[in-house]
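Subject: The structure we talked about

Hi there,

Here is the structure I promised to pass on to you. Have a look at it first, and then read on for what turned up in it.

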Amino acid sequence: MIKGCDASILLDNTATIVSEKEAFGNNNSARGYDVVDNIKKEVENACPGVVSCADILTIAAEESVRLSGGPLWNVSLGRRDSLIANRTLANEVLPSPRETFDRLEKLFRDQNLDTTDLVALSGT
């Protein structure tokens, strides 16, 4: 909903980046950063500079759905990691865990997604 599947949520605050990790929709909601960091470290040891964090997140999402008994799908690889984050945009368009259904519906509709997408992506 921000700029695509570029793993920008993984970027930490720096002198030039204000992280999306603490955006309203992510703060106290998104977690597991240490797991991704550990996976990335192991992947980098095996094949440095080849696999992006964005691809790791995509593979992890597919695998978690598969392991929980959900459907399988082919995961295309080749995403590039973002070099920037946009907390302002994240605060505007990312749904908070406390959103009303009407607000969630609007946020998803604004992204050309429907109620089925909302339910599937909400994970509940």
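Let's begin with serine 8. Once its neighbours within four places in sequence are set aside, serine 8 touches Glu20, Ser82, Ile84 and Ala85. Please keep in mind that this is a predicted model. You will find serine 8 in the segment that comes before H1. Is serine 8 buried or exposed? Its relative accessibility is 5%, which is under the 20% cut-off, so serine 8 counts as buried. Another pair to look at here is serine 8 and serine 19: they are eleven residues apart along the chain, and 7.9 Å separates their C-alpha atoms.

Next, the helix pair. Helix H1 covers residues 33-46 and helix H2 covers residues 53-67; the two pack at an angle of about 115°, and their axes are 10 Å apart. Their crossing is right-handed. Which residues make the contact? From H1 they are Val36, Ile39, Lys40 and Val43, and from H2 they are Cys53, Ile56 and Leu57. Sorted by class, this contact of H1 with H2 has six nonpolar residues, one charged residue and no polar ones.

Cys53 brings us to the cysteines. How many disulfides does a search of the whole structure find? The result is zero. Cysteine 47 is in no disulfide, and the nearest cysteine sulfur to its own belongs to cysteine 53, 12 Å away. A disulfide needs the two sulfur atoms within 2.5 Å, so this pair does not qualify. As for accessibility, cysteine 47 has a relative value of 26% and therefore counts as partly exposed. Cysteine 53 is likewise in no disulfide, with the sulfur of cysteine 47 as its nearest, 12 Å away. At 16% relative accessibility, cysteine 53 counts as buried.

Last comes a position taken from a record. UniProt lists Pro95 under "binding site", in an unreviewed entry. Where does proline 95 lie? Look in the loop between helix H3 (87-93) and helix H4 (101-110). Proline 95 has a relative accessible area of 19%, and because buried means under 20%, it counts as buried.

If you want a route through the model, you could start at serine 8 in the segment before H1, go on to the right-handed crossing of H1 and H2, and finish at proline 95 in the loop between H3 and H4.

Enjoy exploring, and write back with any questions.

Best wishes

Notes: Residues are numbered from 1 along each chain as its sequence is written. This is a predicted model: local features need pLDDT of at least 70, side-chain atom pairs count only at pLDDT 80 or more; totals for chains, interfaces and linings use all residues. Side-chain values use heavy atoms; hydrogens and water are left out. Axes are lines fitted to C-alpha atoms, for helices over the stretch in contact, and angles run from 0 to 180 degrees between N-to-C directions. Helices (H or I, at least four residues) and strands (E, at least two) are DSSP runs, numbered from the N terminus. A crossing is left-handed if the near helix is turned anticlockwise from the far one by less than a right angle, and right-handed if clockwise. Contact means heavy atoms within 4.5 Å. Ala, Val, Leu, Ile, Met, Phe, Trp, Tyr, Cys and Pro count as nonpolar, Asp, Glu, Lys and Arg as charged, and the others, Gly among them, as polar. Buried means under 20% relative accessible area, exposed over 50%, partly exposed in between (1.4 Å probe, protein chains only). UniProt positions are given in the numbering used here, feature names are shortened, and annotations may be inferred rather than shown by experiment.
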